[in-house]
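Here's a walk through the folds and packing of a two-chain model. Have the structure open while you read.

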Amino acid sequence: MKTTKELLGGKFSIEMWEFGSGDPLLFIHGAGGLFGVDPFLEELGKTHKVYAPHFPGYGESTGSEHIDDVIDAALFYHELMDELKIPTANIVGHSMGGMLAAEVAALDNSRAKKLVLVAPAGMWLDEHPIPDLFAAKLDEVAPLMFHDPKSPMAQAFGAIPTDFKALEAMYVERVKRFSTASKFLWPIPDRGLKKRAYRIKSPTLVLWGASDKLIAPLYAKEFTKRIAGSKEQVIAEAGHMLPYEQQEAFCKAVNGFLK
Amino acid sequence: MKFTWFHLMPYRYLPEDFKEKYRSVWVDIPQNLYDPTVGHRLYNDYLDQLEFADQMGYDGLGINEHHQNAYGMMPSPNLMGAALARRTRNADIVVLGNSIALYNPPIRVAEEFAMLDVISGGRLRAGFPVGTSMDTNFCYGEVPATLREKYYEAHELIMKAWAEKEMFAFNGKYTKLRYVNLWPKPIQQPHPPIWIPGGGSVETWDFCAKHDYNYSFLSYFGYIAGKKVADGYWETMAKLGKPLNPYSMGFAQVVAVAETDEQAERDYAPHMDYFYNRCLHVYDGFADAPGYRTVKTIKAGILGQVGDQAALRREGLKWKDFLEQGYVIAGSPKTVRERLREAMKSLNCGHLMMLMQLGSMPPELVKKSTELFARECMPYLRDLWSDHEDKWSAKPMNVEARAIPAPVQFELQLPKHTNGHARTNGATESRSAK
């Protein structure tokens, strides 16, 4: 179900997907955003009440001009959780969303009941530089994001519309999303989370695709060594887009941890 | 009509197979293609060329800022401006310009531009570009989403620093300064003429109109393709009720003059090919970081200067096509002056920014083209727009009041000692003895 939520007297208007019922689960999407077809969210909705908001600047959500940095972003999620009357929830964040989920939990450690960081951004190792997704051409994106770039899903992901109107719409939406993401990721996706991660007190699962070519799986250790009570799990035959590429294994891992 | 001789300062010796072998002339171009001793020769040749243009009566000497780029070797145009301030006498020094969001704090630009204006006796035109995406986002790491906001704030600070007579505090979002107290201040009061070079962002038109700045469209596509942008600018001006003064607009155009049309092709075609195929070979992923151009500009359908789309438009073009499509205005003096008159009239443009050293072009050809144009084209075009006031050229001190640099003497006036002991004078010795 698609809903709209107004925050702070209209400062933000948030387009949100809601699924299922049960224990609340806030999903924080990555730099690419939600696609409108995100089957793993429905699957998680079978056991949870899933809230998946579009971040300001994504989809129809507005208010990105009020967010300058990760601190503003984390406080935005705190406000949204209060508004949704779920001051504490399970929080699952993917990629840039994992970075923001960690900030949400670090800045107020009562927010995350349990935390799942899925191939999170937010750290940087000089000896393992993360490829520059912002400079990648469209046809270079799918190979970076998927274990199997030849699969129909990866092909659809990298498809370039032939219709001019559709192409323009896609281009404009990409610009909106990535320019918002640039506030947290450009030019290097390190905004000091490594200093703050110790404040995360909730049980934390760090989940990674074994063949992630964007953020190498060895980055998991950067999180687990800083977050007490965290553990790492790797999913086989999955790239950076593991919730999409290995939906079943992904949902099983998340549900198993949240149970 | 006013003429600015504009130098990009390209590296002239990129390999034959550059385009096939490397993905970009900009940002990640391999460092092993650069030879500093070649660079030494090139900088000095290029300064010679600008100085020659001064002597030939061009109104302005144009320089600009690029980073990690083999077609533009001026990370700091202000250094070149300083060299020109001392070795030229007549022309404006047109720094187009400093990408003000990149200077921390941006007050640095107010200071250096003031220095250039003071050294040159008030000959500076001060350019404030946003800067290309390659320069600002990729080379200097600026966040695309906030680049323009930072630019506007830097502009506010610089203009205020020039205008205010007393010290003030500046509490910006990106720059916070307790003591803004510019010293020195520019000769031209309240400030040098402001030029805003643009690649076609629609916001820039509003900005120029609002402040009465010159808008310079720095295109490499020539006057025919550039007309869409020029028209957009004039429409904005008209909508805002601003005068349509041709001198409020500059336009960059490749120009090359030879004895005949045929000679022009023989002389310049290979260098044009070098320029368009090697100098402008920019990896598409660097052309336009997401958020660099606003959604409004993207929807206006203005194509970028570099990247795949731009390369596609140039694909397979020959000398004849480059001339016909207006990328290049070249030929005999008669051909060039006639085409230029038509071009500048169609754009309603009073400030021609002339790209006369193109790609791999050697000094002797640059000199020939520069001189032929000055002698046989410029006088025939001077009358254009004479009924309009040019408010965007520099207003220098009276020439009699300006300092004249001492003539250069390259011979040593004192013998040079090779013996280390002999070079150490008494004062140094007593200091080090303490």
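Helices (H or I, at least four residues) and strands (E, at least two) are DSSP runs here, numbered from the N terminus. With that in hand, Pro184(B) can be placed: it's in the loop between β6 (176–180) and β7 (194–198) of chain B. The peptide bond leading into it from Trp183(B) is cis, with omega near 10 degrees. Pro190(B) lies in that loop between β6 and β7 of chain B too, and the bond that joins Gln189(B) to Pro190(B) is cis as well, omega being about 0 degrees.

A word on the ground rules. This is a predicted model, where local features need pLDDT of at least 70 and side-chain atom pairs count only at pLDDT 80 or more, while totals for chains, interfaces and linings use all residues. Residues are numbered from 1 along each chain as its sequence is written, chains are lettered from A and ligands numbered from 1 in the order in which they are written, and side-chain values use heavy atoms, with hydrogens and water left out.

Staying with chain B, you'll find 17 helices and 11 strands. Its C-alpha trace spans about 75 × 50 × 50 Å along the principal axes. The radius of gyration (taken over C-alpha atoms; the globule rule is 2.2 Å times the number of residues to the power 0.38) is 22 Å, which agrees with the value near 22 Å for a compact globule of 434 residues.

Helix α4(B) is a good place to look at packing, and the table puts two of its pairings side by side. Axes are lines fitted to C-alpha atoms, for helices over the stretch in contact, and angles run from 0 to 180 degrees between N-to-C directions.

| Helix pair | Axis separation | Angle |
|---|---|---|
| α4 (107–119) and α6 (144–163), chain B | 8 Å apart | about 45 degrees |
| α3 (77–87) and α4, chain B | within 9 Å | roughly 15 degrees |

Angles under 35 degrees count as roughly parallel, over 145 as roughly antiparallel, 65 to 115 as roughly perpendicular and the rest as oblique. So α3(B) is roughly parallel to α4(B), whereas α4(B) and α6(B) are oblique to each other.

Who touches whom? Contact means heavy atoms within 4.5 Å. From α3(B), Asn78(B), Gly81(B), Ala82(B), Ala85(B) and Arg86(B) meet Glu112(B), Phe113(B), Leu116(B) and Ile119(B) of α4(B). Towards α6(B), α4(B) offers Ile107(B), Val109(B), Ala110(B), Phe113(B) and Ala114(B), which meet Leu157(B), Ile158(B), Ala161(B) and Trp162(B).

Over in chain A, eight strands make an open sheet in the order β1-β2-β4-β3-β5-β6-β7-β8, with mixed pairing (two strands pair if DSSP finds at least two bridges between them). At the edges sit β1 (2–7) and β8 (230–235) of chain A, each pairing on one side only. The twist averages 25 degrees from one strand to the next. Strands β3 (23–28) and β4 (48–53) of chain A run parallel over four bridges, and Leu25(A) has Val50(A) in β4(A) as its bridge partner.

Which strands does helix α3 (96–107) of chain A lie across? They are β3, β5 (89–94) and β6 (112–118) of chain A, with the helix at about 145 degrees to β5(A). Helix α10 (247–258) of chain A lies across β3, β4, β5, β6, β7 (204–209) and β8 of chain A, at about 155 degrees to β6(A).

One last backbone detail: Ala119(A), in the loop between β6 and α4 (138–145) of chain A, has a positive phi near 40 degrees despite being a residue other than glycine.
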